[in-house]
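Good morning, and thank you for making time on the agenda. I would ask everyone to bring up the sequence and the model before we begin.

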Amino acid sequence: MKKFFYALLFMALAVSSTAGAFAPQKAMFTSGGVGPIAPISPDSIAGLSLWLDASDSGTVIHSGGSVSQWNDKSGNANNATQGTSGNRPTTNTRTINSLNVIDFDGTNDGMVLPSALYSIPNGQNTIFIVNFSDVTAAGSRQTLTAEPSAFNINFGIQYGPISSPNYLGFGNGQIARTVTRDTNPHIFALRKGATAQLYYDGGTPTSVTSTNSTAINMTLGYSPSYGDYWNGVFAEIIVYNFALSDAQMNGVAKYLENKWGVVWNSI
Ligand SMILES: [Ca+2]
Ligand SMILES: [Ca+2]
C-alpha cells in the first residue's frame, strides 16, 4: 500500500515539474501531456491586477459611443476613466474578429488608471495588450504607460521610432526592437522578472535587466508628458503583479488568440 502511495506521489511530482514552477492549470491536463496549448482564462491565475476587455459590453460605460469609463474585470476595480468628453475614446464602431474594440483617435483620446496600480512598475509584472494600429508611419504611440517622474517612462509598451526604425519599446529606450508595422492586430507582451522581456506576438523576446520604480501616473493610449497618442484600437489589456511562467504566458496568450484571431508564437 505504501509503495502504491509513493508511486502516486512520484507521478504527481513528475507531472507538476513538467508544468513549471507554478500551479498547473486544470485545462493543461486535457491535452494529455505534450500537445496543443490549452487556453487559460486571465482570472484563473492569482495576481491579476488589471483586466480590460472591450468585448464585454457590460464593462464599457459610454454615452453615444463616447467612453467615460472602462471597467476592470480583475476584481480590483482598477477602472480606466476619462473625465473630459473630447478626450474619450469611442466604442461600438469597430471590431476585431467580430468583437467590439475601443477606438482611440490619435489626437487627444486617452484614459487614466487609478493610483492603486502605481506600485506595479516597482517590481515584477506581466502585461498583455491586444491592439491594432491605424498608422504605419513613424511617430511614437503609447499603449499602457507609467512615469516615475515627468518625461521618464518606465512601464508599458511604446510603438514607434526611437531613432529611425519602427520599434516596440519598454521604458525610455530600455528595450527597443525593430518590428515591421503592418495592418494586422497584434499581441504586445512584457514579462518583467529579473530581466524585462518584450514580446511581439510571442516568439523570441528582446530582454534587458529590470529596473524598478513607483509610478506617479498610469495611462492608456498616451503619455501625460509626451502625448504620443495611440491611433487605433485596444481590444484587451491584462496585467499581473508577477512574472508569469512560460506555460502561463502561452495559456493566457492562447485565450487571446482564440478570442481575437491574433497569432502568438509559443515561448
Ligand atoms: Ca478626441
Ligand atoms: Ca484612427
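Is Ala77 buried or exposed? Ala77 counts as exposed, because only those residues with 12 or fewer other C-beta atoms within 10 Å are placed in that class, and Ala77 has 10 C-beta neighbours inside 10 Å. The position of Ala77 is in the loop that joins strand S3, residues 66-70, to strand S4, residues 80-81. Its backbone deserves attention as well: Ala77 is not a glycine, and yet its phi is positive, at about 55°.

I should say at once that this is a predicted model. The mean pLDDT of the protein is 84, and 80% of its residues reach 70 or more. Residues 1-32 are another matter, since pLDDT stays under 50 over that stretch. The model has 21 contacts beyond four places in sequence for residues 1-32. Where pLDDT is low, the predicted coordinates should not be read in detail.

Let me turn to the overall composition. The protein has 267 residues, and buried residues make up 42% of them. Its secondary structure comes to two helices and 17 strands. If we take the contacts between residues at least 6 apart in sequence, 61% join residues at least 24 apart.

A second residue with a positive phi is Asp201, which is not a glycine and has a value near 60°. Asp201 belongs to the loop between strand S14, residues 195-200, and strand S15, residues 206-209. It is partly exposed, with 17 other C-beta atoms within 10 Å.

Next, the strand pairing around S16. Strand S16, residues 217-220, pairs with strand S7, residues 111-112, in the antiparallel sense over two bridges. S16 also pairs with strand S9, residues 141-147, again antiparallel, over four bridges. Which residue of S16 is the bridge partner of Met111? It is Leu220, and Leu220 is likewise the bridge partner of Leu144 from S9. As for S9 itself, seven of its seven residues are buried.

Beyond S7, the loop between S7 and S8 holds Ser115. With 12 C-beta neighbours inside 10 Å, Ser115 counts as exposed. The C-alpha atoms of Ser115 and Ala215 are separated by 8.5 Å, although the two residues are 100 residues apart along the chain.

I come now to helix H2, residues 246-260. H2 has 15 residues and reaches 21 Å from its first C-alpha to its last, close to the 21 Å expected at 1.5 Å a residue. The buried residues of H2 include Ala247, Met249, Val252, Tyr255, Leu256 and Trp260. What covers these buried residues? Among the covering elements are strand S5 (90-96), strand S6 (99-105), strand S8 (125-133), strand S13 (186-192) and strand S17 (231-240). Just after H2, Gly261 takes a positive phi of about 70°.

Leu256 leads us to the interior. The largest nonpolar core has 59 residues, and those with the most contacts inside it are Phe128, Ile129, Ile187, Phe234 and Leu256. S17 gives the most to this core, with seven residues. In soluble globular proteins, nonpolar side chains tend to be buried together. With neighbours within four places in sequence left aside, Ile129 is in contact with Thr143, Leu144, Ile157, Phe188, Phe234 and Ile237. Leu144 has already appeared in this talk, as a residue bridged to Leu220.

My last residue is Glu236, in strand S17. Is Glu236 buried or exposed? It counts as buried, because it has 26 C-beta neighbours inside 10 Å. Leaving aside neighbours within four places in sequence, Glu236 is in contact with Leu52, Asp53, Ala54, Val130, Leu256 and Trp260. Two of these, Leu256 and Trp260, are among the buried residues of H2. Glu236 and Trp51 are 185 residues apart in sequence, while their C-alpha atoms are 7.4 Å apart in space.

That concludes my presentation, and I welcome discussion.

Methods: Residues are numbered from 1 along each chain as its sequence is written. Chains are lettered from A and ligands numbered from 1 in the order in which they are written. A residue is buried if 20 or more other C-beta atoms lie within 10 Å of its own, exposed if 12 or fewer, and partly exposed in between; C-beta atoms are placed from the backbone. Two strands pair if DSSP finds at least two bridges between them. The expected span of a helix is 1.5 Å times one less than its number of residues. Two residues are in contact if their C-beta atoms, placed from the backbone, lie within 7 Å. A nonpolar core is a set of buried Ala, Val, Leu, Ile, Met, Phe, Trp, Tyr and Cys residues joined through C-beta atoms within 7 Å. pLDDT is the predictor's confidence in each residue, from 0 to 100.
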